[in-house]
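Please open the structure in your viewer and keep the sequence panel at hand, since each stop on this tour begins with a selection to make.

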Amino acid sequence: MLELYHSGSTTCSKQVRQHLVEKGVPYVSRYLELWRYENLAPAYLALNPNGVVPTLVHDGRPIINSFCIMEYIEDVFSGRPLRPADPILRAKQRHWSWVADEIHPAIADVTYDQNMRRRLGAMDRETIEGVAAMMPVPERRERFLRTAGAGLRDHERAERWARIAAMLDQFEAALVPGPWICGADYSLGDVSMLAIVARVGELKPDWMAARPCTKDWLARSMARPAVTKVYAAVSEECPERPRGVFSLRAAE
Ligand SMILES: N[C@@H](CCC(=O)N[C@@H](CS)C(=O)NCC(=O)O)C(=O)O
């Protein structure tokens with residue numbers, strides 16, 4: 001049995017969900033609501049000691065990290081190949097799959113800063129401290145506490161966006177000749193980068209206009225049937241997000 005623990009529309013969940021749909025590999029969807037801290041429950045931490053999504057469980061064996069999960073899926077399952085056969089193109093695909101993973105902490109920092117401060121600001125102190133104590137990874141705990149507190153400082157925010165801009169400029173250049181990152185064939189490089197670029201497009205819509213190849217690639221990507229399915233905000237696999245904040249006090 002193949003099970004995917006995910007949280008719907010988070011970037012890394014979308015990467016693996018899209019990969020499985022593009023490849024035509026059936027799986028059992030196990031949705032975790034991050035806003036209820038289901039990723040920090042002891043049973044989930046036993047599968048993924050970082051307390052993050054996604055986790056793929058194949059016949060009872062967990063595989064973690066979106067980059068490694070996608071390599072595993074390509075290694076094990078037949079269906080449409082999403083790694084180029086040509087070693088040079090495969091290196092290019094791996095590079096962009098890796099870049100998507102490497103830039104993710106900066107993307108998470110600016111997403112939390114822009115979208116999550118009001119939500120975490122409404123949390124009671126006991127819940128903030130309780131949730132932070134449940135988080136096994138120090139950088140994530142720090143991001144959570146920072147978002148619940150004063151947020152990113154101006155120079156920290158500027159540093160994250162500068163890193164993201166430099167990465168996007170390289171992506172813009174690498175998309176020539178296109179239409180996909182490795183040329184004619186759609187690959188995992190496109191799948192992994194889509195979640196990142198789509199998020200940048202949400203947070204900084206004007207950034208796409210300055211990068212026409214990326215803008216066209218994003219529009220082409222969003223029109224793919226697998227993307228329409230996976231990127232829908234609410235679907236069979238992704239329930240509506242809960243309203244209000246979840247208090248640990250109320251959960252007892
Ligand atoms: N690509 C890395 C990063 C995973 C990651 O950061 N996942 C986010 C969602 S995109 C998450 O679970 N966040 C919850 C948290 O940080 O508490 C991996 O797959 O391990």
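The tour below goes from the domains to the contact between them, then to the ligand, and ends at a set of paired strands.

Bear in mind throughout that this is a predicted model.

**Stop 1: the two domains**

Begin by colouring residues 2-82 together with 234-251 as domain 1, and residues 87-224 as domain 2, which is how the protein is divided. With both coloured, place a marker at the C-alpha centre of each domain, and you should find domain 1 and domain 2 separated by 18 Å between these centres.

**Stop 2: where the domains touch**

Turn next to the boundary, where 21 residues of domain 1 are in contact with 24 residues of domain 2. On the domain 1 side, select α1, α3 (66-76) and α12 (248-251), each of which supplies at least two of the residues that touch domain 2. Which of the elements gives the largest share of this side? That is α1, with seven residues. If you then colour this side of domain 1 by residue class, it shows 10 nonpolar, eight polar and three charged residues.

**Stop 3: the shell around the ligand**

Now select the ligand and the 16 residues around it, among which Thr10, Cys12, Val52, Asn65 and Ser66 come nearest. The elements that give two or more residues to this shell are α1 (11-23) and α4 (87-121), and the largest share, three residues, comes from α4. Keeping the domain colours on is useful here, as the shell draws at least three residues from domain 1 and at least three from domain 2. Recoloured by class, the shell around the ligand divides into six nonpolar, eight polar and two charged residues.

**Stop 4: the paired strands**

For the last stop, select strand β1 (residues 2-6) and strand β3 (residues 55-58), which pair in the antiparallel sense over four bridges. Within this pair, display Tyr5 and look across to Thr55 in β3, which stands opposite. Then add strand β4 (residues 61-64), which runs antiparallel to β3 and is joined to β3 by four bridges. Thr55 is worth keeping in view, since this residue also stands opposite Ile64 in β4. Finally, move to the turn of the hairpin formed by β3 and β4, where two residues lie between the strands, and inspect the backbone of Asp59, which takes a positive phi near 50 degrees.

Key
Residues are numbered from 1 along each chain as its sequence is written. This is a predicted model: local features need pLDDT of at least 70, side-chain atom pairs count only at pLDDT 80 or more; totals for chains, interfaces and linings use all residues. A residue is near a molecule or strand if its C-beta atom, placed from the backbone, lies within 6 Å of it. Ala, Val, Leu, Ile, Met, Phe, Trp, Tyr, Cys and Pro count as nonpolar, Asp, Glu, Lys and Arg as charged, and the others, Gly among them, as polar. Domain bounds come from an automatic or database domain assignment. Two strands pair if DSSP finds at least two bridges between them. Two residues are in contact if their C-beta atoms, placed from the backbone, lie within 7 Å.
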